[in-house]
Amino acid sequence: SKRNVALTLKSCTAFFSVDLPVSDCGGVSPQRCLIWGPGLDPDAVLPVRYLFIQAVGSKGENLTVSPGKDTFKVKISPLDKKEYLRVHVPPPLDRGDGSFLVRYRLYGSTVKGLKVEILHQDAAVAQSPYILRGPVYHEYCDCPESDASVWQSVLRCPTEEPQILADFESFPTVNLQHLRQEVPRRFSNRGGLVHYAVIDNRVYRRTLGKYTDFKMFSDEMLLSLTRKVRLPDVEFFINVGDWPLETRKEGAVPIFSWCGSTDTRDVVLPTYEVTHSTLETMRGVTNDLLSVQGNTGPPWANKTERAFFRGRDSREERLQLVSLSKKNPELLDAGITAWFFFRDREKEVGKAPLVGFFDFFKYKYQVNVDGTVAAYRFPYLMLGNSLVLKQDSQYYEHFYSHLKAGSHYVSVERNLLDLLEKIRWAKENDAEAEEICRAGQEAARELLQPSRLYCYYHRVLREYADRQAGRPARLADMELVPQPDDHMAACTCARDTTHRHVKDEL
Ligand SMILES: *[C@@H]1O[C@H](CO)[C@@H](O)[C@H](O)[C@H]1NC(C)=O
Ligand SMILES: *[C@@H]1O[C@H](CO)[C@@H](O)[C@H](O)[C@H]1NC(C)=O
């Protein structure tokens, strides 16, 4: 067959002899390509499973520019043709650097397993087809692994998370009785707090304060986590407001927040933005952390050599950017797209039309200035292939501690006084700027992948649970947060999900 012929081809002459397009010569060598990622492991249950393809040329070299967005085709089907299973597999995302990101969402579980086929023209790529022996569970199958260490090793969770260690330094023990009194007393009128208890791997909660709608994100994540791995019994507070809360040095209480700052003691969780993006990839959201990787604009050399900013008026420095931009249009293109906080200055500063996020990457440099807290666009900017110019800030997200100014991004003084100088530096040192951009992008790809997000949440809860003094409890006014109804795709969980250590704890 055509496919078998292609498989045996190794050299350009062989390609010519079977009349394949000439452009293939020196192009992709299907067998030598590399494929890896959690999407090849049946046990790595994620909302959207994903894997990577590195295109490799005929001499065994990694391609570093795109061989074309349609280079690879992916087919995913149940091993047993009699099993009905809906699988959504969009075309692979071309990351523009010779690598591709393949995503797929399962709309049901399969008993027998899956076949993942990856083709270049009609030739099998790397070891394709990949067989994932069943059962392979989908996102909504409530089938937790009872041994957390097994689950962690499937997801290849890192053995250390420096931010988590640092956050818990202030909290060698967590006195639950004290927390139940202190947290509501000190913080319940501060916006939004959600008091959770996970007991026997079921999620319960009550809300404190007025603005707790964002609990939908923490609910969603906790439910997703408990479907995958059995959590220890644990009782904690999540702050669903913008600002971190705990300013005390003495007598501080551990509260989970989406944003940290150097002058507070909150324990940082991934932001609701990153969390929601991961859970709803290819469903409710389109500008997510995976899809941005295939939409990073023209190659570096073809980008407009100016810094770019669009955003709302949530911090005064953002207005300052616009005035810098008016005076130095050859260096900076900045605009405010929505007015709320500084309405009285709208006339003077002006309103810029919205620009689609993916179009930001037509520009070589991206300015990241805080909003009310850390700008939650930072992860997305880091995944693009532009150089990020980041305003110095006391605010941070869960992954910032892995990134270094000067290696992964370029820092800019909080008052922006050196911004123009930094842009000029980048223009004059193009190779170095590109290198920083690449290193930043590579780190962000690793740190912000869905598996790492689950690892992070789990690690925070485990570290916390280990420190609890007193017994976590479902308080009288806590309600059960039910798992979503997924009767359309019932799954049969073949794992023993009972808690092996339940007897020891009684
Ligand atoms: C090619 O790419 C793969 C995947 O990123 C990497 O592990 C490998 O080291 C690269 N090989 C070379 C020779 O650079
Ligand atoms: C980049 O610019 C070069 C030179 O101007 C041009 O030949 C090439 O087509 C451009 N590539 C893209 C992807 O825009």
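How far apart do the end C-alpha atoms of residues 230-471 lie, and how much of the span is helix and how much strand? They lie 18 Å apart, and the span is 31% helix and 19% strand. Helices here (H or I, at least four residues) and strands (E, at least two) are DSSP runs, numbered from the N terminus. I picked that stretch because the UniProt annotation, from an unreviewed entry, puts "domain: Glycosyl transferase CAP10" on residues 230-471. UniProt positions are in the numbering used here, feature names are shortened, and annotations may be inferred rather than shown by experiment.

Quick housekeeping. This is a predicted model, where local features need pLDDT of at least 70 and side-chain atom pairs count only at pLDDT 80 or more, while totals for chains, interfaces and linings use all residues. Residues are numbered from 1 along each chain as its sequence is written, with chains lettered from A and ligands numbered from 1 in the order in which they are written.

So, confidence: pLDDT is the predictor's confidence in each residue, from 0 to 100. The chain's mean is 91, and 93% of its residues reach 70 or more. The trouble spots are residues 1-25, where pLDDT stays under 50 and the model has 21 contacts beyond four places in sequence, and residues 500-506, also under 50, with 1 such contact. A contact, by the way, means C-beta atoms, placed from the backbone, within 7 Å. Where pLDDT is low, the predicted coordinates should not be read in detail.

On to the core. A nonpolar core is a set of buried Ala, Val, Leu, Ile, Met, Phe, Trp, Tyr and Cys residues joined through C-beta atoms within 7 Å. Buried means 20 or more other C-beta atoms within 10 Å of a residue's own, exposed means 12 or fewer, and partly exposed is in between, again with C-beta atoms placed from the backbone. The largest core has 117 residues, and those with the most contacts inside it are Ile-53, Ala-307, Leu-387, Leu-389 and Tyr-457. Its largest share, 7 residues, comes from helix 13. In general, nonpolar side chains in soluble globular proteins tend to be buried together.

Helix 13 covers residues 450-467, 18 of them, and reaches 27 Å from its first C-alpha to its last, close to the 26 Å expected at 1.5 Å a residue. That expected span is 1.5 Å times one less than the number of residues. Its buried residues include Pro-450, Arg-452, Tyr-457 and Tyr-464.

Now follow Ala-307 and Leu-387 into the strands. Which strand pairs with strand 19 over 3 bridges? Strand 17 (residues 304-312), running parallel to strand 19; two strands count as paired if DSSP finds at least two bridges between them. Ala-307 has Tyr-365 of strand 19 as its bridge partner. Strand 20 (residues 387-391) also pairs with strand 19 in the parallel sense, over 4 bridges, and there Gln-366 stands opposite Val-388. Strand 19 (residues 363-368) has 6 of its 6 residues buried, so the rest of the structure largely encloses it. As for Leu-387, beyond four places in sequence it touches Lys-364, Tyr-365, Val-410, Ala-426, Ala-433, Ile-436 and Cys-437.

Ile-436 turns up again in the contacts of His-408, along with Leu-403, Ala-439, Gly-440 and Ala-443, leaving aside neighbours within four places. His-408 sits in the loop between strand 21 (395-396) and strand 22 (410-412). Is His-408 buried or exposed? Buried, because it has 22 C-beta neighbours inside 10 Å.

Then there's an open sheet of 6 strands, ordered 16-14-13-11-12-24, with mixed pairing. Strand 16 (267-268) and strand 24 (479-480) are at the edges with a single partner strand each, so one side of each has no neighbour in the sheet. Strand 24 pairs antiparallel with strand 12 (residues 202-208) over 2 bridges, with Tyr-204 opposite Leu-480. Strand 12 is also joined to strand 11 (residues 193-199) by 7 bridges, antiparallel. Those two make a hairpin with 2 residues between them, and Asp-200 in the turn has a positive phi of about 50°.

Last stop, helix 6 (residues 215-228): its 14 residues should span 20 Å, and its end C-alpha atoms are 20 Å apart, which agrees. Among its buried residues are Phe-217, Met-221, Leu-222 and Leu-225. The cover over its buried residues includes strand 11, strand 12 and our old friend helix 13.

Definitions and conventions:
Contact = placed C-beta atoms within 7 Å.
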